[in-house]
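Visitor: I should like to learn how cavities and aromatic pairs are read in a structural model. May we work through an example together?
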Amino acid sequence: MTLTYIVTATFVGGLISVLLAAALSAPLLGLIVRHLVSLSTGVLLGTALLHVLPEAFESGKDPQGLFLTLLGGLLFFFLLEKAELYRHGHHHEHDGHHHHHHFDREQAGRGGWSVLVGDSIHNFCDGVLIAASFLADPHLGFVTSLAIIAHEIPQEVGDYIVLINAGFSRIRALVYNMISGMAAVVGGLLGYFLIGPFKEYLPYMMVVAASSFVYVAVADLIPQLQKRLNGRDTLLQIFWLAAGLLMIASIVHGIHEPH
């Protein structure tokens, strides 16, 4: 049953985000993604700090070892992004100007293929993290999958727009994005078969998952929210960020509430 959960979560996560990106027009995408970035920031931070890390630290493992794993995970994802193997595609976020399209064209000028390779590796890592979470606890797997899907939607929208700017047709961009999204399924399957025999190390893998969420939120998403905005847009940012946190907090409360 656990394997079914992993395959379903990784498949649905990759499929929904890609189809949403292809179904909507560019102006509407810009409006939606602006709010989704705030929402996914709250979801990622809430999942890492309210659920995944507490679960790992309640496992009885040495706290110093878990904190070292957290530090190592943050540095690992920093280096992966430095190597352009863990890129995040949110640069198109609509702010009323058009300078982002020039940036996207510069990114796409390297062929668009680096975007797909980096996104595939990112999705593969997400699949492994989903597998580790479901192997630790089905509830943890559900919340982790939710956090990854919330982040994948704006990422895949960004990648889709970059590929369109690179000269890909809408159909071609959709097909390649879907193939890239299926790397999460491969990661989930390999994670299930490779992690299973090493269940005693799952708390450390959970900390690595949390470090991924914290890194994406702090290094990639929050800087985008730090723009100078009018009062209304600032309140909307805070609202959607708080909505993401409250959504995770309510799910965690429901999981731990005695039945």
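Guide: The discussion that follows takes up cavities and then aromatic pairs in this predicted model.

Visitor: How many cavities of 30 Å³ or more does a search of the whole structure find?

Guide: A cavity is a set of points where a 1.4 Å probe fits but cannot get out. In this structure the search yields two of 30 Å³ or more. The volume of the largest cavity is about 80 Å³. Its lining comprises 13 residues, and those closest to the centre are Thr10, Gly13, Gly14, Glu152 and Ala184.

Visitor: Which helices each supply at least two residues of that lining?

Guide: They are helix H1 (2–23), helix H5 (113–136) and helix H6 (138–165). By residue class, the lining of the largest cavity has five nonpolar, five polar and three charged residues.

Visitor: How many aromatic pairs does the structure hold?

Guide: There are five aromatic pairs. One of them joins phenylalanine 76 and phenylalanine 77, with 5.3 Å centre to centre and 70° between the planes. Planes over 60 degrees apart count as edge-to-face, and this pair is edge-to-face.

Visitor: Is phenylalanine 77 buried or exposed?

Guide: Phenylalanine 77 is buried, because its relative accessibility is 3% and the cut-off for buried is under 20%. Phenylalanine 76, at 45% relative accessible area, is partly exposed.

Visitor: Why is the pair of tyrosine 192 and phenylalanine 193 edge-to-face?

Guide: The planes of these two rings lie at 85°, with centres 5.0 Å apart, so the pair is edge-to-face. Tyrosine 192 is partly exposed at 25% relative accessible area, whereas phenylalanine 193 is exposed at 52%.

Definitions and conventions. Residues numbered from 1 in each chain as written. Predicted model: local features only at pLDDT ≥ 70, side-chain atom pairs only at ≥ 80, totals over all residues. Heavy atoms only, no water. 1 Å grid on protein atoms, 1.4 Å probe; cavity = no way out; pocket = protein on both sides within 12 Å on 5 of 7 lines; lining within 4 Å. Points joined across faces, edges and corners; volume = space filled by probe spheres on them. Helix = DSSP H or I, 4+ residues; strand = E, 2+ residues; numbered from the N terminus. Nonpolar A, V, L, I, M, F, W, Y, C, P; charged D, E, K, R; others polar. Phe/Tyr/Trp six-rings, centres within 6.5 Å; stacked < 30°, edge-to-face > 60°. Buried < 20%, exposed > 50% of the residue type's maximum accessible area, 1.4 Å probe, protein only.
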